[in-house]
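Me: Could you take me through this structure and show me how each label is earned? I would like to see the values set beside the definitions.

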Amino acid sequence: MTEQQKIQIGQRLSVGFDGFTIPQEYADLIRTYKVGNVILFRRNVQSFAQLRALCDDLRRLIIAETGHEPFIMIDEECGRVSRLGHIATQTPSAMAIGATGNAEYAYQIGRLIGQELRASGPNFNLAPVLDCLTNPAAAHGNRCFGVEPQKVAEFGVAYLRGLQETGVFACAKHFPGHGDTAVDSHLGLPVVEKPAEAIWQTELVSFQAAVNAGIKGVMSSHVVYTAFEPERVPATVSRNILTGLVRGQMHFEGILVSDGMEMNAVKDMFGIAEGTRRALAAGVDVALICHSAEEAAKTCEHLYQAYENGNLDVAETSWHYQHIVDCKKQLQPPTIPRWHS
């Protein structure tokens, strides 16, 4: 593999790590495999100043090794899924916001979260959740704005507008929807067997509204939708769903992100490395490997072999690389931290 080929493949991965500073094994991963993006969790966040220093160090390292700005991703939804909740403004859950009946609150909270992310360094927020909670047993619970598709759409669009007005990318999840499932995809494989017409009238309403509103990202779910994918594989590895549905029929032009590739719904079926290859072949722009630099290195080696033997299309890899680079031109630099202003 040439360095440019490694950079092209590395742009299609986002990898996490443990710690408040960059571990040596993670720095080695970036230098060896040219991984172009990072995902952060609460395990990486100690204080505002520490997080900003970490993000600055990550930007310098990744730009030096790849020539491109990284997506610095984080799950700062609101409520219980908050990586900054212990150092930043605590926000109510999406369900509580939806219960007010006033979408202006969703806009203001999205804007507040965006301002705090701009000051601390992340530039790509893996939020809002646009699932409709039509199954009370669904694992996402109060992470959803509600049950009614139009309400979820209204509040989700308000949130993403507030967030993106600050310069932070928003990402609608978990496409095509995780709100009518009783199985947590971290643990097993959820299956939705609704007819396509019913899905268009429920799950897809909020995602289409977000696409129409100019959302920058969409995250795939590890959920089987039999109406769209007769092979009964999760949406993350379904070309019918990612290239055919969200890109083709819904006209999404931003960054397609996978849910975590170490989750059991995909890992148990394909393994992390092969699951990632299948996700990229299906149309994912950036696949998430959230926990292990070692697994990310194995995945890179697997992708190199696939690239060389034709199981990862060369022309499509080049297209996705250019698409990612073009989208990164829209990124804005972090603001001056409030403790320096």
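What follows is a talk about strands, cores, backbone angles and cysteines.

Reply: Happy to. This is a predicted model, in which local features need pLDDT of at least 70 and side-chain atom pairs count only at pLDDT 80 or more, while totals for chains, interfaces and linings use all residues. Residues are numbered from 1 along each chain as its sequence is written, and side-chain values use heavy atoms, with hydrogens and water left out.

Me: What makes strand 11 mostly covered?

Reply: Strand 11 spans residues 255–260, and 6 of its 6 residues are buried. Buried means under 20% relative accessible area, exposed means over 50%, and partly exposed is in between (1.4 Å probe, protein chains only). The strands and helices here are DSSP runs, numbered from the N terminus: E of at least two residues for a strand, H or I of at least four for a helix.

Me: How do you know that strand 9 and strand 11 pair?

Reply: Two strands pair if DSSP finds at least two bridges between them. Strand 9 (residues 217–220) and strand 11 have 3 bridges and run in the parallel sense, with V218 opposite L256 of strand 11.

Me: What joins strand 11 to strand 12?

Reply: Here 2 bridges do the joining, and strand 11 runs parallel to strand 12 (residues 286–289). V257 stands opposite V286 in strand 12.

Me: Which residues touch the most other members of the largest nonpolar core?

Reply: They are L29, L40 and F175, in a core of 89 residues. Helix 12 (residues 293–309) gives the most to this core, with 8 residues. Another core, of 17 residues, lies apart from it and includes F169, I255, V286 and L288. Each is called a nonpolar core because it is a set of buried Ala, Val, Leu, Ile, Met, Phe, Trp, Tyr and Cys residues joined through side-chain atoms within 4.5 Å.

Me: What does F175 touch?

Reply: Contact means heavy atoms within 4.5 Å. Leaving out residues up to four places away in sequence, F175 touches residues including L204, F207, V218, M219, I241 and M250.

Me: Where are the cis peptide bonds around F175 and H174?

Reply: One joins F175 and P176, with omega about 0 degrees. Another joins K173 and H174, with omega about 10 degrees. H174 is in strand 7 (residues 169–175), whereas P176 is found in the loop between strand 7 and strand 8 (191–192).

Me: What is notable about phi in K34, and is K34 buried or exposed?

Reply: K34 is not a glycine, yet its phi is positive, about 60 degrees. Its place is the loop between helix 2 (24–33) and strand 2 (37–40). The relative accessible area of K34 is 7%, so K34 is buried.

Me: Why is R232 called partly exposed?

Reply: R232 has a relative accessible area of 40%, so it falls in the partly exposed range. R232 also has a positive phi, near 60 degrees, in a residue other than glycine, and it sits in the loop between strand 10 (224–225) and helix 9 (239–249).

Me: How many disulfides does the structure hold?

Reply: It holds 0 disulfides. For C78, the nearest cysteine sulfur is that of C144, 10 Å away, while a disulfide is a pair of cysteine sulfur atoms within 2.5 Å. C171 is in no disulfide either, as the nearest cysteine sulfur, that of C327, is 12 Å away.

Me: Why does C171 count as buried?

Reply: Because its relative accessibility is 0%. C78 counts as buried too, at 6%.
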